[in-house]
Amino acid sequence: ENPESKTPSKNTRKIRYSSRINLIQEIQKTLASEIDPIAQGLAEEAKKINDFLDSNEVSWALQVQDKKTGEEVIDKIEKVSDVFWHALSTLIEKDDKGEYEDTIIQTITYLARFAEAPTGVSYTSLGRHIRYYPLVVSIYILFIIGTFKKKNTLLRKIKEIPLIQRSIYDE
C-alpha cells in the first residue's frame, strides 16, 4: 500500500484475494476432515441404489416372461447394491461399540421409500415391487447379523423405520 494513499496497491489486493481463497480452502478441508468417510461412503452407496431404482434401468412396466429375463433384472439390482450390502454386513459385524448404528439406520431409512412410478409413467405391480428388493435384503442382513451379534438396540431402532412417501419434488 502506498502510505500516502488509502487505495490498496495491486499486490495487496492479490494477497487479500489469495488469502480469501486459502481461507475458503482451509474451511472446506477442515469440514471435509470432520466427515466420517464410512458414513459418507455408505450414504453414497444408498444414493446410488435409489438413483438406479428411480431410473428406467428397470422398467416400471416390468413383465417377466421367462426365467432369463427375471435373472437379468435381479442381477442388475444386485450389481448396484452389492457394495452397499457388503459394507452394511461388515459394519454390523465389526462395529462392536455401536458407533455406526445411527449411520446404519439413516442409510436404511434412505432406502425405505414407497416405490411409486413417476407421474405419467405406466407401471406394473412387479415393476414397482421389485424396487423393494435392495431394502428387503438390507433388512435381512441387518436382522441376521444383528441377531447373531446381539445388537438389540439396532434391532429395536430398525423396526421404527417408516416407508417414506416420495415427494413430488423428487420427480
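## A tour from the surface patch to the core

Begin by selecting L23, I27 and L31, which together form a nonpolar patch on the surface with about 280 Å² of accessible area. Of these residues, L31 can be followed into helix α1, which covers residues 10-34. Colour L31 by accessibility and it comes out as partly exposed, with a relative accessible area of 49%. Keep in mind throughout that the model on the screen is predicted.

Now zoom out and show the whole chain as a cartoon. The protein has seven helices and zero strands, so that reading along the sequence gives the pattern α-α-α-α-α-α-α. With the surface switched on, the accessible area of the protein comes to about 11,800 Å², and 55% of this belongs to carbon and sulfur atoms. Of the 171 residues, 32% count as buried. If you draw the contacts between residues with a separation of 6 or more, 78% of them are accounted for by residues 24 or more positions apart.

Next, hide the surface and select F84, I92, I104, I108 and L142, the residues that touch the most other members of the largest nonpolar core, which has 32 residues. To see which helices feed this core, colour α2 (37-54), α3 (67-94), α4 (101-111), α6 (133-148) and α7 (152-158), each of which supplies at least two of its residues. The largest share, seven residues, comes from α3.

Stay with I92 and display its surroundings. Leaving aside residues up to four places away in sequence, I92 touches I104, I141, L142, I145, G146, K149, K151 and L154. Among these neighbours, I104 and L142 also appear in the list of core residues that touch the most other members.

For the last stop, select W85 and Y133. How many aromatic pairs does the structure hold? There is one, and W85 and Y133 form it in an edge-to-face arrangement, with 5.8 Å from centre to centre and 85° between the planes. The pair links distant parts of the chain, since W85 lies in helix α3 and Y133 in helix α6, 48 residues apart.

Is each partner buried or partly exposed? W85 has a relative accessible area of 9% and is therefore buried, as the cut-off for that class is under 20%. Y133, at 23% relative accessibility, lies above that cut-off and so counts as partly exposed.

Conventions
Residues are numbered from 1 along each chain as its sequence is written. This is a predicted model: local features need pLDDT of at least 70, side-chain atom pairs count only at pLDDT 80 or more; totals for chains, interfaces and linings use all residues. Side-chain values use heavy atoms; hydrogens and water are left out. Helices (H or I, at least four residues) and strands (E, at least two) are DSSP runs, numbered from the N terminus. Buried means under 20% relative accessible area, exposed over 50%, partly exposed in between (1.4 Å probe, protein chains only). Contact means heavy atoms within 4.5 Å. Accessible areas come from the Shrake-Rupley method with a 1.4 Å probe; for residues, only the protein chains shown count as cover. Patches are made of residues with over 30% relative accessible area and no salt bridge: like charges are joined within 9 Å, nonpolar side chains (Val, Leu, Ile, Met, Phe, Trp, Tyr) within 5 Å. A salt bridge is a side-chain nitrogen of Lys or Arg within 4 Å of a carboxyl oxygen of Asp or Glu. A nonpolar core is a set of buried Ala, Val, Leu, Ile, Met, Phe, Trp, Tyr and Cys residues joined through side-chain atoms within 4.5 Å. Rings of Phe, Tyr and Trp (its six-membered ring) pair if their centres lie within 6.5 Å; planes under 30 degrees apart count as stacked, over 60 as edge-to-face and the rest as tilted.
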